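Got your viewer open? Load the model, keep the selection box handy, and we'll walk through it stop by stop.

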Amino acid sequence: MVAIAITGEPGVGKTTLLLKLVEYLRSMNVTVYGFYCPEVREGGKRIGFRIVDIAKNNQGWLALIPEKAIEMGYDIAFLKRIGRYVLINYEAEKVGREALKMQCKNCVLAIDEIGPMELSIEGLRREIIQAIKNCDHLLITLHRNMRDRDILKLLQSKNTEIITLTKFNRDKMFNEMVNKLKNEFFKSIDR
Ligand SMILES: Nc1ncnc2c1ncn2[C@@H]1O[C@H](COP(=O)(O)OP(=O)(O)OP(=O)(O)O)[C@@H](O)[C@H]1O
């Protein structure tokens with residue numbers, strides 16, 4: 001099995017690398033499932049994060065700044081806060097559950113990212129744990145402050161290689177990872 005977790009400082013390029021690897025795997029006819037959480041900006045200001053199903057492109061809100069959440073009709077009295085954002089639990093859990101349940105032989109589970117927001121939604125956290133347990137192969141990004149013991153233990157049990165991305169190594173990392181996939185992933189699966 002191939003299990004890779006990319007970590008590093010905010011804004012260093014983790015999402016960019018993961019999505020390039022997802023595209024590469026797809027171009028090689030590998031099925032990739034899971035989700036990613038892109039930021040959304042309006043007028044230069046970050047207003048929140050979406051959660052997007054990688055395989056089916058279903059999407060919803062993961063988190064919003066309170067004023068946007070109110071503007072969109074959410075009742076923020078019932079929403080959990082994390083930092084500057086309120087979590088849109090119901091939507092995030094629904095999209096996440098659907099995105100993570102598609103397990104199949106020799107498919108790759110991709111998640112960007114496993115971090116405080118995603119893990120603050122208990123239902124989503126449970127789905128993430130279950131998906132990691134059940135997956136054949138794993139490609140994720142980890143928030144640098146990810147301290148969830150259950151998830152760390154699980155990643156360790158899968159011999160996950162943790163790669164720290166920096167602005168010094170990020171340009172060569174895509175090619176290194178592609179070589180790694182060629183050597184470890186493609187050689188290990190029946191095609
Ligand atoms: N190799 C690279 N060279 C130059 N710019 C890059 C590179 N990789 C990513 N970027 C740029 O850096 C910015 C942040 O990238 P990205 O969102 O992938 O980082 P991140 O580590 O996932 O951030 P966050 O921690 O906020 O999720 C983007 O504007 C992206 O285009």
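The tour visits some strands and then a pair of helices, and what you're looking at is a predicted model.

**Stop 1: strand 4.** Select residues 45-53, which make up strand 4. Color by accessibility and you'll find this strand mostly covered, with seven of its nine residues buried.

**Stop 2: strand 3.** Now add residues 39-42, strand 3, which runs antiparallel to strand 4 and is joined to it by four bridges. Zoom in on Val-40, which sits opposite Gly-48 of strand 4. These two strands form a hairpin with two residues between them, and there Gly-43 has a positive phi near 55°.

**Stop 3: strand 5.** Next, pick residues 59-64 for strand 5, antiparallel to strand 4 and linked to it by five bridges. Click Val-52 to see its bridge partner in strand 5, Gln-59. Here's another hairpin, this one with five residues between the strands. Check Asn-57 in the turn: its phi is positive, about 65°.

**Stop 4: strand 2.** Select residues 32-36, and you have strand 2, also antiparallel to strand 4, with two bridges between them. Phe-35 pairs with Asp-53 of strand 4.

**Stop 5: helices 5 and 6.** Hide the strands and show residues 122-134 (helix 5) and 149-157 (helix 6). Their axes come within 10 Å and cross at roughly 10°. That's under the 35 degrees cut-off, so the two helices count as roughly parallel. For the contact, show side chains of Arg-125, Ile-128, Ile-129, Ile-132 and Lys-133 on helix 5, then Asp-150, Ile-151, Leu-154 and Leu-155 on helix 6. Color by class and you get six nonpolar, three charged and no polar residues.

Key: Residues are numbered from 1 along each chain as its sequence is written. This is a predicted model: local features need pLDDT of at least 70, side-chain atom pairs count only at pLDDT 80 or more; totals for chains, interfaces and linings use all residues. Side-chain values use heavy atoms; hydrogens and water are left out. Axes are lines fitted to C-alpha atoms, for helices over the stretch in contact, and angles run from 0 to 180 degrees between N-to-C directions. Angles under 35 degrees count as roughly parallel, over 145 as roughly antiparallel, 65 to 115 as roughly perpendicular and the rest as oblique. Contact means heavy atoms within 4.5 Å. Ala, Val, Leu, Ile, Met, Phe, Trp, Tyr, Cys and Pro count as nonpolar, Asp, Glu, Lys and Arg as charged, and the others, Gly among them, as polar. Buried means under 20% relative accessible area, exposed over 50%, partly exposed in between (1.4 Å probe, protein chains only). Two strands pair if DSSP finds at least two bridges between them.
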